[in-house]
Amino acid sequence: GDVEPFPFAQARDLLPLDDGCSVIVRVKQSSQTQGYVGGTTENLYHTCPSTSSSSSQSKRRITSYVGTEKKPRRFGAWALFLSDNGGSGKPGRMNLWGVPLADLNESKRVKITCAGEMPVLDFAVDPVTLEVTLVVGGSLYTLASSEVEAVLSGSATPISPVQREVYVRSDFNQGLEKTMVPAANHFTTFDATPNLSLSTVRGQAFAFLDSRFFPLDPDNKGRVMSVRYYNTSHALVMGTDFDSWNRAEVGVYLVSLHGEEKAEVLKADGSLKSPRPESFTASGEHAAWFNTDGEAVVLHVESGSTRKVNTWQTSVSSLTFSPDGAYLAFEHSARNQFSQISVYSLQASQVHQVTAAKFNSFSPIWSSKGLYYLSDGDVHTTQSSPWGTRAPGPVWDGRCNVFLAPFEGQAGEALVELTGGDGAGSGGDPGSTVLDFAVKPYPLKQVPADTYSQLVSVEVAEGGGGAAFLIKGATLAAFPLSTASSAETPKGPMVVLEGVAVCDTGTNCTWCETTSGFVKSLNMETWDAVPMEGLTLRHWPKLEWLAMYGDAWRMLRDYFYDPDLHGLDWRAIYDKYEPLVHRCNSREDLDDVMKMMSSELSALHVFVYGGEYRAVFTDAALSNGEAVADLGAGLKRAEKGFEVVEVYEADPDFPLVEGNEVQSPIAQVTLRLTRQVGLEEGDVITHVNGQHVFSGVGGMGSKLRGTAGKLTRLTVLRANTGVQGDVIVRPISGSEASNLRYSHWEYQTRLKATSLALESGFSTGYVHLRSMSGAAAADAFAKGFYQDYDKRGLIVDVRNNHGGNIDSWLLDALQREAWMYWQSRSSNITNGGLGWDEQFAFRGDIVVIMNEHTASDGEGFSRGVKTLGLGKLVGTRTWGGGIWLSSDNRLVDGGLGGSAPEIGTYNDEWGWGLGVENMGVEPDVWVDNDPADAYAGVDDQLRVAVETLRSMIEERGSIDPARPGGKKTVNLDVEGSC
């Protein structure tokens, strides 16, 4: 039969009632967070069909509780639901509650269960026996209907449910041993000598010797993060669990290259925290790394003792030992955010500052001549003036030079000459000294300045000369270093590798990841493919899941912005959920456990996703061929086929978005190019490639499966003529269709905003931002803002904005103020003249529209507008993500076991979290779009935003400057001057 949509714009769950009304849950919480009270908190609403022309009363909250209430299910004359109401009005553990259907009132709620420390995740009611089955933690529990009825009637107190024993017969094949051929993304670190290759592949360490692979840990017990060559018989391995299973702590181990002995523990006492695997390096008797606390650490291999390199907290990277192993160069952030290079003397245990904090210096590399590095001190902008549309500003393209800090003879001879000055005097770090090389660092004129991203290596020949190897874009190039004067004219580079993604220098070699695979070189001249053929990986998933749980737990501990973890006993949290991991039978099960574990932080921006899930299709081409395509239109089932309700249209003035055309394949603007007539509202599609749309199963979707981008024949019954005929179209993919629908909504909303403002007697600009992520978001702002910067009002719509990090760009543009004006004989501020200074400053009034799906940096922007006094906020309370993240705490299979909110935010007014974290930004004018009205196309938030703008404009009055009097006259008093 026909399927009719529920006429609500928001309805994620629904319990139909006998009187035609419903209990619904409007939104779904989008983060694994216990005790959540932000904008997408799930609540129960009682809705009834509207009895008037306006459906503004079609919904009401059943309770005023601030936390979560969800999953309404029928139990006789009651509605059961889940709630985390702790009893005092504040969130606690999720439990089962009930409310009578005859009186859906807050005062009638009854708590049914006390599940204890584990939350109730889900439940079901048997429609016949009314027995209730609960999912608590990883187990099923049951409640007899009589037990539930006793609690609901008040004759019994909340129940502790009884666990149900369930036996499932299966081989649970997802937990059996797996064998796989490694993919490119499995390869993480590499090191080599002329006769030996060492690689880290998906958490395992392998040696390639005598044309064969063998694992460095035959028992496959430890999880390797990085491996480095130590000597002819041993390698240094950074990883976990080589000495004691499932400790979850990282250690450094000495592992035999020949498998003759057990791995020797060098350091595995938990003090390593969570090192960055890419930072692990070694030379002679020492190894070094840095961790998430901004500490660079040196390990003495023989004794196992460690010492911190830097006594101050900072962002550290690019660790590299000098050729004799006596010094460790590293890159770090100065107080003013510029990157500096310092050198640590292992003998003196002292840090020496090499470069000043007046510019960026990075990518240090040692050679026999000294320390080479890149520096952008020769500041160069590509924009020479502020004139032009879209307020062009200076742009520094990252151009840099290669510098050399030289020394004579052996490495230590020059480095012991130190000045006693405090490095902080140049903006550096306290306690460091300025390093005095034989000659002050100078640029290599043989290498022209350019936008290099990495100095990979510098090879110096014994008799002089050599080459510097640098990455620019995706190219690794060699620049010859002649023995002549450093002032010699640069020679052209020689391209060494194309398609380079990243390069790394190991103990004895350099390796690079390219688009065609991994390559290595011992001398930067001859490049060989990294041996991969014949390598297979074997692992037991159930053991690996246990290890991944430990990794996720440890990285959340060490990456989270608060070392105190919001006051939690984090070891107790590990112990609480670890038993559930043993019961996991799929990677998805492990996700469920990690969601429960990470949710204890009660922080937003904690997401569990990714990893190696069981795929429906293992072949990408097959998967794409089975994907359902789309026609870029709204369709509904009609008597003879699918009727076109609406053809989606993006702004016709912007046919390209990020270089891609955004149009419906059945629109007139598309089909006229092939001299066909586009489809219109009311036209009916009866056949796809000769098959009737009602034949078989699946409707239109099944007929469009696998047709994206392919010529497809549609048979169409035209509404205006009644004639049936064919058109040839190229359906678009599901993602393209989603983008088109969104672009259609943006365009229509902009037209509505402009129309409503004109009806109210003023002009307004309208900018919608889907996200705050990167160039696409900046381009969207520029596209919408600068065409309307001279309007009297501006609406910035960040509803459904899922965040990013460009709020400062937007706030900077909106804070500009006009303090002077230009006028010539032919142009002024009203006819496209130069306008005013500051250029493109917005002088009007601003309203920001936001809703419960305004998230992360969309909330940061909204809070900034309010705090800086730039405008007013209209809509509903936002999502509540006020701690920033980078999602770099990845597990061995590439998944996230809880993305860690790493960067706290605060100010004087709001303190930690800016009043956003787990709360959301409150609007100045609260407007909640009624779901029934919104389904019908009514946008009350937009309407009120325009009304708010009108009030602001009327209160403020004119923004144009008063015209000055007559211009200056020069009338010389000729007679009086004699």
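This is a short walk through a predicted model, stop by stop, with something to select at each one.

**Stop 1: the disulfides**

Start with the cysteines. How many disulfides does the structure hold? There are two. Counting the bonded cysteines along the chain, they follow the pattern 1-2, 3-4.

Select C21 and C48 and show their side chains. These two form a disulfide, with 2.0 Å between the sulfur atoms. The link is right-handed, with 110° about the S-S bond. C21 sits in the loop between β1 (13-16) and β2 (22-25), while C48 is in the loop between β3 (44-47) and β4 (59-61), so the pair ties together parts that are 27 residues apart in sequence. Turn on a surface and look at the two ends: C21 counts as buried at 6% relative accessibility, whereas C48 is partly exposed at 29%.

Now jump to C503 and C512. Here is the other link, with sulfur atoms 2.0 Å apart. The torsion about this S-S bond is about 105°, so the disulfide of C503 and C512 is right-handed. Both of these cysteines are buried.

While you are here, add C509 to the selection. Why does C509 not bond to C512? The closest cysteine sulfur to that of C509 is in C512, but at 9.6 Å it is too far for a bond. C509 counts as buried, with 3% relative accessibility. One more cysteine to click on is C584, which counts as buried at 2%.

**Stop 2: a hairpin**

Next, select residues 187-193, which make up strand β14. Is this strand mostly covered or mostly open? Mostly covered: six of its seven residues are buried. Extend the selection to β15 (residues 196-201), and you'll see a partner running antiparallel to β14, joined to it by six bridges. A hairpin of two residues leads from β14 to β15. For a single pair to zoom in on, try A192, whose bridge partner in β15 is S197.

**Stop 3: an open sheet, β18 to β21**

Move on to the strands β18, β19, β20 and β21. In that order, these four form an open sheet with antiparallel pairing. Look at the edges: β18 (223-229) and β21 (264-267) each have a single partner strand, so one side of each is left without a neighbour in the sheet. Ignoring direction, neighbouring strands here are turned by 30° against each other on average.

Zoom in on β18 and its antiparallel partner β19 (residues 234-240), and you'll find six bridges between them. Which residue of β19 stands opposite V224? Pick G239, and you have the answer.

**Stop 4: another open sheet**

Now select β30, β31, β32 and β35. Four strands again, forming an open sheet in the order β30-β31-β32-β35 with antiparallel pairing. The edge strands are β30 (361-367) and β35 (442-443), each with a single partner, so one side of each has no neighbour in the sheet. Five bridges hold β30 in antiparallel pairing with β31 (residues 370-375). To see one facing pair, show F362 and, opposite it in β31, L374.

**Stop 5: rings**

Time to colour the aromatics. A search of the whole structure finds 27 aromatic pairs. Begin with F642 and F694, an edge-to-face pair at 5.9 Å centre to centre, with 70° between the planes. F642 belongs to strand β47 (residues 642-647) and F694 to the loop between β51 (691-692) and α8 (699-703), so the pair ties together parts that are 52 residues apart in sequence. F642 is buried at 12% relative accessible area, and F694 is partly exposed at 28%.

Then select Y821 and W836. This pair is edge-to-face too, at 6.0 Å between centres and 65° between planes. Y821 lies in strand β56 (residues 820-821) and W836 in strand β57 (residues 836-837), so the pair ties together parts that are 15 residues apart in sequence. Y821 counts as partly exposed at 29%, whereas W836 is buried at 2%. Widen the view: ring pairs link F781, F785, Y786, Y789, Y821, W836, F840 and F842 into a cluster.

**Last stop: arginines over rings**

Go back to F694 and add R637. R637 lies over the face of F694, 4.0 Å from the ring centre. Finish at W910, where the charged end of R863 sits over the ring, 3.9 Å from its centre.

Methods:
Residues are numbered from 1 along each chain as its sequence is written. This is a predicted model: local features need pLDDT of at least 70, side-chain atom pairs count only at pLDDT 80 or more; totals for chains, interfaces and linings use all residues. Side-chain values use heavy atoms; hydrogens and water are left out. Two strands pair if DSSP finds at least two bridges between them. Axes are lines fitted to C-alpha atoms, for helices over the stretch in contact, and angles run from 0 to 180 degrees between N-to-C directions. Buried means under 20% relative accessible area, exposed over 50%, partly exposed in between (1.4 Å probe, protein chains only). Rings of Phe, Tyr and Trp (its six-membered ring) pair if their centres lie within 6.5 Å; planes under 30 degrees apart count as stacked, over 60 as edge-to-face and the rest as tilted. A charge sits over a ring if NZ of Lys or CZ of Arg is within 6 Å of the ring centre and within 35 degrees of the ring normal. A disulfide is a pair of cysteine sulfur atoms within 2.5 Å.
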